2 protein chains.
Amino acid sequence: MIDPTSKVPLYHQVYETLRGGILRGEWEPGALLPAEPELISQYKVSRITIRQALDLLSGEGLIIRQRGRGTFVAAPSLEQAMVRIVSFTQDMEQRGLRASTEVLAADRIPAPPHIAQKLNVEPGEELVYLERLRLADGTPLAIEEAHLLHRFCPGLLKANLQNQSLRNHLDRKYGIRWSRAKQVIRAIQAAPEIARHLEVPTGDPLLHIERVSYSQQNVPVEFLRVYYRGDRYSLFNELQA
Amino acid sequence: MIDPTSKVPLYHQVYETLRGGILRGEWEPGALLPAEPELISQYKVSRITIRQALDLLSGEGLIIRQRGRGTFVAAPSLEQAMVRIVSFTQDMEQRGLRASTEVLAADRIPAPPHIAQKLNVEPGEELVYLERLRLADGTPLAIEEAHLLHRFCPGLLKANLQNQSLRNHLDRKYGIRWSRAKQVIRAIQAAPEIARHLEVPTGDPLLHIERVSYSQQNVPVEFLRVYYRGDRYSLFNELQA
DNA sequence: TAGTGGTCTAGACCACAAA
DNA sequence: TTGTGGTCTAGACCACTAA
């Protein structure tokens, strides 16, 4: 499973392997991971290398290590929505809600200047514009306006995005996976159009997030605007000294 | 400087020492830290131990390591406000604004049930209540309502908190330092009283943060509510895949 | 007592940056 | 070429947990 001749560091290969297993759900939350000596013989690397991989997982909050007991898979937490790129569906699951989606608009548009700038392309570059209403337990919770660089995902509009996650589709059809994203969080008033879709009065407070997502090649590919109903959505995080 | 007989791990002592130096500003942002071999001879520990300390600092974003060049002190970023416990003054500095404060209320009150619960004490326990208007470049930006457990900071109300940071005062007089904090971020409407102080219309959107801060003994000591003007304040952060 | 993760060491080779 | 940080090893002792 681990390739010692690869240019990817061994500890990172171990990390990716374990991380994949955890995210794919091969171990339930709370499950005991193999002990360090077992991982050593399984992957044929030294203890320090194994521990380097576990350190990464622990730093991400994916595992919990307890001296004398073992290493456990952590339960996904609400705080992950502020640290990790999480899909709407995953986010809702963690909150104990059922997610559904309604596509409001799907078009090809030329990039307006301010969006072109965030995506680091020329104004007028062709974008895929996707506007979706996100519901939690059947009630409107958020509106997402995605702007994707068309040249990275031609033909995306032909896909059925009502029932299929955009994230999976980008991965499977175009090989696009996010590596990281930067976002800005604000409180704003609901514009009439948005308010109507979210079924709140115009002017109600919304939690607004603007996010630029970068592909694994570290290229900005998506500019996303999300409007969450202020009365139904909040963010959690933990700060360090 | 490093005590090998201490029960605190060596790497953590090195980490604390370097971290303190960086936070106290002994190195300017962008400054070159001593190279690893130098730290080894300086602290008389092995390279792995030094690197363990540097890994922590790097994970916090306090340093940037570049192969072949060296290790540099990172410039404080706006994103730190979402990862680290940052004072209002520090936050404003990073945004290029001048911070000032007006004390609106300072009292001793019995803990209301919902606050008592967050602080893990009985309702009625005595609290120090401190309401402050925070200004940026002379204009109202936020209102902070702090609730502190009185028994940890008796006599706090006698202090001059107009010109002195609460954080420094708690540290110097009571030995209270925050180790971590949990917070919830929401978008809400400005209530009339808050709106008046912030000089915005009632009902305007505010970014609202509720935070419980834990002392180094891991005891919740402060419950804080902050109301930021939505038009003048936003949060930044970076997400990982 | 046996097994777990936590800490620490000395030493090695590598890739990258700068002079 | 020199010095930097990046990776990796084998081996050791310790503290904690659970049986």
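Select DNA strand D and the protein residues around it. In this predicted model, 23 residues surround DNA strand D, and those that come nearest are A:Leu10, A:Ser46, A:Thr49, B:Arg47 and B:Gly68. Of the atoms of DNA strand D that come within 4 Å of the protein, 69% belong to sugar and phosphate. Colour the surrounding residues by type: 8 are nonpolar, 7 are polar and 8 are charged.

Next, show the side chains of A:Ser46, A:Arg69 and B:Arg67. An N or O atom in the side chain of A:Ser46 is 2.7 Å from a phosphate oxygen of DNA strand D. A:Arg69 places a polar side-chain atom 3.3 Å from a phosphate oxygen of DNA strand D. For B:Arg67, the partner is a sugar or linking oxygen of DNA strand D, and the distance to an N or O atom of the side chain is 3.3 Å.

Now switch to a cartoon view. Which elements each supply at least two residues of the surface near DNA strand D? From chain A they are helix H1 (10-23) and helix H3 (47-59). From chain B they are helix H2 (36-43), helix H3 (47-59), strand S1 (63-66) and strand S2 (70-73).

Stay with chain A and select H1(A) and H3(A). Their axes are 8 Å apart and meet at an angle of about 50°, which means that H1(A) is oblique to H3(A). The crossing is right-handed. On H1(A), the contact is made by A:Leu10, A:Tyr11, A:His12, A:Val14, A:Tyr15, A:Leu18 and A:Arg19. On H3(A), look for A:Thr49, A:Ile50, A:Gln52, A:Ala53, A:Leu54, A:Leu56 and A:Leu57. The residues of this contact divide into 10 nonpolar, 3 polar and 1 charged.

Then select DNA strand C. It has 23 residues around it, the closest being A:Arg47, A:Gly68, B:Leu10, B:Ser46 and B:Thr49. Sugar and phosphate make up 69% of the DNA strand C atoms that come within 4 Å of the protein.

Show three side chains here. In B:Thr49, an N or O atom of the side chain is 2.4 Å from a phosphate oxygen of DNA strand C. B:Ser46 has a polar side-chain atom 2.7 Å from a phosphate oxygen of DNA strand C. For A:Arg65, the distance from a polar side-chain atom to a phosphate oxygen of that strand is 3.4 Å.

Finish with the elements at DNA strand C. Chain A offers helix H2 (36-43), H3, strand S1 (63-66) and strand S2 (70-73), and chain B offers helix H1 (10-23) and H3, each with at least two residues of the surface near this strand. That surface consists of 8 nonpolar, 7 polar and 8 charged residues.

Conventions. Residues numbered from 1 in each chain as written. Chains lettered and ligands numbered in written order. Predicted model: local features only at pLDDT ≥ 70, side-chain atom pairs only at ≥ 80, totals over all residues. Heavy atoms only, no water. Near = heavy atom within 4 Å. Polar contact = N/O pair within 3.5 Å; in protein donor to acceptor, adjacent residues only side chain to side chain. Helix = DSSP H or I, 4+ residues; strand = E, 2+ residues; numbered from the N terminus. Nonpolar A, V, L, I, M, F, W, Y, C, P; charged D, E, K, R; others polar. Axes fitted to C-alpha atoms, helices over the stretch in contact; angles between N-to-C directions. Parallel < 35°, antiparallel > 145°, perpendicular 65-115°, else oblique. Left-handed = near helix turned anticlockwise from the far one by under 90°. Contact = heavy atoms within 4.5 Å.
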